[in-house]
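Here are a few short exercises to try with the model open in your viewer. Have a go at each task before reading its solution.

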Amino acid sequence: MKRPKKQILLAEDDAPLRQTLAAYLEVAGYTVHQASDGARALALYEKHRPNVVVMDMVMPHMEGSEAVMVLSRRYPEARILAISGGGHDSGETYLRVAARLGAHATLAKPFHPEALVSAIKQLLGPSEEGVVS
């Protein structure tokens, strides 16, 4: 019996990077919902309730840090992976802030897509990491 695919919400303002990562995650067996900013990510989370949220920290309209804070308060069950390559400050600074605001894991850019899949599997845990049987 097939289990439904796990859903990932990928919030990243760099469209080519977002599309590349989404394609990689889809090949890995996930359903991917894409957002270009934090506000859109919140709307998509409310609509789809994905298993994992991958949130860039530096985005227009609503920063990822604000979206992480809102998600972790409204939806304590949300599993959040914060990603950042920096902006006004270093990527590590943004990731430390994300962890304090509720992100469960962090990943510094640049990273290999396999590292992203590995981090998602860790957030899903051993009982949920398989996406399709």
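**Exercise 1. Decide whether H61 is buried, partly exposed or exposed, then look at its backbone.**

Keep in mind that this is a predicted model.
Step 1: H61 has a relative accessibility of 75%. The cut-off for exposed is over 50%, so H61 counts as exposed.
Step 2: find its place in the chain; H61 is in the loop between strand 3 and helix 3.
Step 3: check phi. H61 isn't a glycine, yet its phi is positive, at about 70°.

**Exercise 2. Do the same for R49: which accessibility class does it fall into?**

Step 1: the relative accessibility of R49 is 44%, so it counts as partly exposed.
Step 2: R49 belongs to the loop between helix 2 and strand 3.
Step 3: phi is positive here too, near 45°, and again the residue is something other than glycine.

**Exercise 3. Work out the strand order of the sheet and find its edges.**

Step 1: trace the five strands, and you get an open sheet with the order 2-1-3-4-5 and parallel pairing.
Step 2: look at the two ends of that order. Strand 2 (31-35) and strand 5 (105-108) each have a single partner strand, so each has one side without a neighbour in the sheet.
Step 3: add the twist, which averages 20° from one strand to the next.
Step 4: zoom in on one pair. Strand 4 (residues 80-84) and strand 5 are joined in the parallel sense by four bridges, and A82 has T106 as its bridge partner in strand 5.

**Exercise 4. Which strands do helix 2 and helix 3 lie across?**

Step 1: take helix 2 (residues 38-48). It lies across strand 1 (7-11), strand 2 and strand 3 (52-56), and runs at about 145° to strand 2.
Step 2: take helix 3 (residues 64-74). It lies across strand 3 and strand 4, at about 155° to strand 3.

**Exercise 5. Find which residues of helix 1 are buried and what they pack against.**

Step 1: get the geometry. Helix 1 (residues 15-27) has 13 residues and spans 18 Å from first to last C-alpha, close to the 18 Å expected.
Step 2: list the buried residues of helix 1, namely R18, L21, A22 and L25.
Step 3: look down the axis of helix 1. Its buried residues fall within an arc of 105°, so they line one face.
Step 4: see what that buried set meets: strand 1, strand 2 and helix 5 (113-124).
Step 5: flip to the face turned away from the buried side, where the exposed residues P16 and V27 sit.
Step 6: carry on just past helix 1, and G29 shows a positive phi of about 105°.

**Exercise 6. Which members of the largest nonpolar core touch the most other members?**

Step 1: the core has 24 residues, and L9, Y45, V53, M55, M57, L71 and I80 touch the most other members.
Step 2: strand 1, helix 2, strand 3, helix 3, strand 4 and helix 4 (91-101) each give two or more residues to this core.
Step 3: pick M57 and leave out residues up to four places away in sequence; its contacts include V68, A82, I83, Y94 and A98.
Step 4: look for another core. A second, separate one has 19 residues, among them A22, V54, L81 and A119.

**Exercise 7. Where is the cis peptide bond that leads into P110?**

Step 1: check omega from K109 to P110; it is near -5°, and the bond is cis.
Step 2: place P110 in the loop between strand 5 and helix 5.

Methods. Residues are numbered from 1 along each chain as its sequence is written. This is a predicted model: local features need pLDDT of at least 70, side-chain atom pairs count only at pLDDT 80 or more; totals for chains, interfaces and linings use all residues. Side-chain values use heavy atoms; hydrogens and water are left out. Two strands pair if DSSP finds at least two bridges between them. Axes are lines fitted to C-alpha atoms, for helices over the stretch in contact, and angles run from 0 to 180 degrees between N-to-C directions. Contact means heavy atoms within 4.5 Å. The expected span of a helix is 1.5 Å times one less than its number of residues. Buried means under 20% relative accessible area, exposed over 50%, partly exposed in between (1.4 Å probe, protein chains only). The arc is that of the directions from the helix axis to the C-beta atoms. A nonpolar core is a set of buried Ala, Val, Leu, Ile, Met, Phe, Trp, Tyr and Cys residues joined through side-chain atoms within 4.5 Å.
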